[in-house]
Amino acid sequence: MASPYTPEVQGTGVKATIQRIGGYLAGMIMPNIGAFIAWGLITALFIPTGWAPNEQLNELVNPIIRMLLPILIGYTGGRMVHGQRGAVVGAVATMGVVVGAEAPMFLGAMIIGPLAAYIIKLVDGLVQDRTKAGFEMLVDNFTAGIVGAAMAVAGALAIGPVVESVTEVAGDGVEWLVTNNLLPLASVLIEPAKVLFLNNAINHGVLGPLGVAEAAETGKSILFMLESNPGPGLGLLLAYMFFGPRMLRASTPPPRSSTSSAASTRSTSRTC
């Protein structure tokens with residue numbers, strides 16, 4: 001799936017399919033990064049161990065991370081599937097997974113938001129031609145309300161607890177790596193995920209909630225830095241550049257843009 005945040009995927013194989021899914025997940029996360037930054041600034045400033053502790057403003061931290069950010073993700077995912085109606089239904093459905101789990105439900109929002117929007121899209125396709133003139137607004141509002149309510153209940157009772165269990169299992173794995181001083185091995189999963197555009201799902205869906213829980217207990221967490229660490233990726237690029245197959249070495253450095261190439265050509269011609 002082509003988006004402003006991921007390159008256009010070519011091909012129809014398994015890798016291309018996973019890349020399209022990863023690009024779709026990135027499309028839900030990236031437009032809301034500003035909200036994540038806002039939460040980070042509020043947290044850094046106003047929590048008891050922050051730069052400017054403030055008991056009243058500290059009350060903003062938990063509602064933003066538990067409710068606002070997942071709802072924004074679900075809203076964005078729903079909008080990508082079925083426009084404004086999908087966005088509204090996706091946001092309502094996301095509220096279900098938020099209530100149904102204790103941890104921040106970023107991953108749950110990535111699942112239920114688009115799913116709810118897809119269901120309302122199917123419902124609209126079924127009732128659109130059967131709705132009598134003059135009843136369109138009534139039918140549209142009631143179908144959106146019914147689907148949104150049903151998906152919110154499903155999120156609270158089923159999807160939220162399941163996603164929370166998956167997050168807990170992932171948390172146990174990360175805790176084992178930390179306890180045994182094997183945290184760098186996490187890059188074995190994270191770096192291939194970047195190629196498949198799944199790094200946003202791993203970072204914000206798994207590592208982020210785990211980091212929030214750890215930071216609430218200790219005041220800091222290394223988990224926020226795992227996905228953003230440029231070291232493993234740089235190491236891979238250098239390994240390909242100096243020791244990889246000769247045909248791949250030329251693709252390792254970043255390509256020069258056409259603008260810079262043209263400017264270089266003009267400069268060379270003037271020098272000559």
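# Notebook: a walk through an all-helix model

I started with F135, which counts as partly exposed because its relative accessibility is 45%. I note up front that this is a predicted model. Next I looked up where F135 sits: in the loop between helix 4 and helix 5, the latter covering residues 136-179. Which residues join F135 in a nonpolar patch on the surface? I found L138, F142 and I146, and together with F135 they have about 440 Å² of accessible area.

**Entry: the whole chain**

I zoomed out next. How many helices and strands are there in the protein chain? I got 10 helices and 0 strands. Reading from the N terminus, I wrote the order down as α-α-α-α-α-α-α-α-α-α. The chain has 272 residues, and 36% of them count as buried. I also looked at what the chain exposes: about 15,900 Å², with carbon and sulfur atoms supplying 68% of it. Then I checked contacts between residues at least 6 apart in sequence, and 63% of these join residues at least 24 apart.

**Entry: the cores**

My course notes say that in soluble globular proteins, nonpolar side chains tend to be buried together. So I went looking for nonpolar cores in this model. The largest one has 19 residues. Which residues have the most contacts inside it? My list reads M28, W39, I65, L69, I73, F106 and M110. The elements that give two or more residues to this core are helix 1 (14-29), helix 2 (33-46), helix 3 (61-99), helix 4 and helix 7 (199-218). There is another core lying apart from it, made of 13 residues, and A93, V97, I159 and V163 are among them.

I picked I73 from the largest core for a closer look. Leaving out residues up to four places away in sequence, I73 touches M28, I29, N32, F36, F106, A109 and M110. Of the residues on that contact list, I chose N32 for my next stop.

**Entry: N32**

N32 is in the loop between helix 1 and helix 2. Is N32 buried or exposed? It counts as buried, because its relative accessibility is 8% and the cut-off for buried is under 20%. Beyond its neighbours within four places in sequence, N32 is in contact with L72, I73 and T76. With T76 there is also a polar contact, side chain to side chain, at 3.1 Å.

**Entry: the salt bridge**

I then counted salt bridges and came to 1. Which side chains meet in it? They belong to R85 and D124, with 2.8 Å from N to O. This pair links distant parts of the chain: R85 is in helix 3, D124 is in helix 4, and they are 39 residues apart. The two partners fall into separate accessibility classes. R85 counts as partly exposed because it has 23% relative accessibility, whereas D124 is at 10% and so counts as buried. The same pair of side chains turned up when I looked for polar contacts, again at 2.8 Å. I also listed what D124 touches, not counting residues up to four places away in sequence: H82, R85 and T143.

**Entry: G108 and I111 in helix 4**

I stayed with helix 4, which runs over residues 106-127 and holds G108. G108 counts as buried because its relative accessibility is 0%. What does G108 touch, once residues up to four places away in sequence are set aside? I found V97 and V163. Those names were already in my notes, since both V97 and V163 belong to the core of 13 residues. I looked up the spacing too: the C-alpha atoms of G108 and V97 are 6.3 Å apart, and the two residues are 11 places apart along the chain.

I111 lies in helix 4 as well. Its relative accessibility is 40%, so I111 counts as partly exposed. From the C-alpha atom of I111 to that of V97 I get 9.9 Å, for residues 14 places apart along the chain.

**Entry: recap**

To wrap up the page, here is what I want to keep:

- The largest nonpolar core takes two or more residues from each of helices 1, 2, 3, 4 and 7.
- R85 and D124 form a salt bridge, and the pair links helix 3 with helix 4.
- F135, L138, F142 and I146 make a nonpolar patch on the surface.

How values were computed. Residues are numbered from 1 along each chain as its sequence is written. This is a predicted model: local features need pLDDT of at least 70, side-chain atom pairs count only at pLDDT 80 or more; totals for chains, interfaces and linings use all residues. Side-chain values use heavy atoms; hydrogens and water are left out. Helices (H or I, at least four residues) and strands (E, at least two) are DSSP runs, numbered from the N terminus. Buried means under 20% relative accessible area, exposed over 50%, partly exposed in between (1.4 Å probe, protein chains only). Contact means heavy atoms within 4.5 Å. A polar contact is a pair of N or O atoms within 3.5 Å; within protein, one must be able to donate a hydrogen and the other to accept it, and residues adjacent in sequence count only if both atoms are side-chain atoms. Patches are made of residues with over 30% relative accessible area and no salt bridge: like charges are joined within 9 Å, nonpolar side chains (Val, Leu, Ile, Met, Phe, Trp, Tyr) within 5 Å. Accessible areas come from the Shrake-Rupley method with a 1.4 Å probe; for residues, only the protein chains shown count as cover. A salt bridge is a side-chain nitrogen of Lys or Arg within 4 Å of a carboxyl oxygen of Asp or Glu. A nonpolar core is a set of buried Ala, Val, Leu, Ile, Met, Phe, Trp, Tyr and Cys residues joined through side-chain atoms within 4.5 Å.
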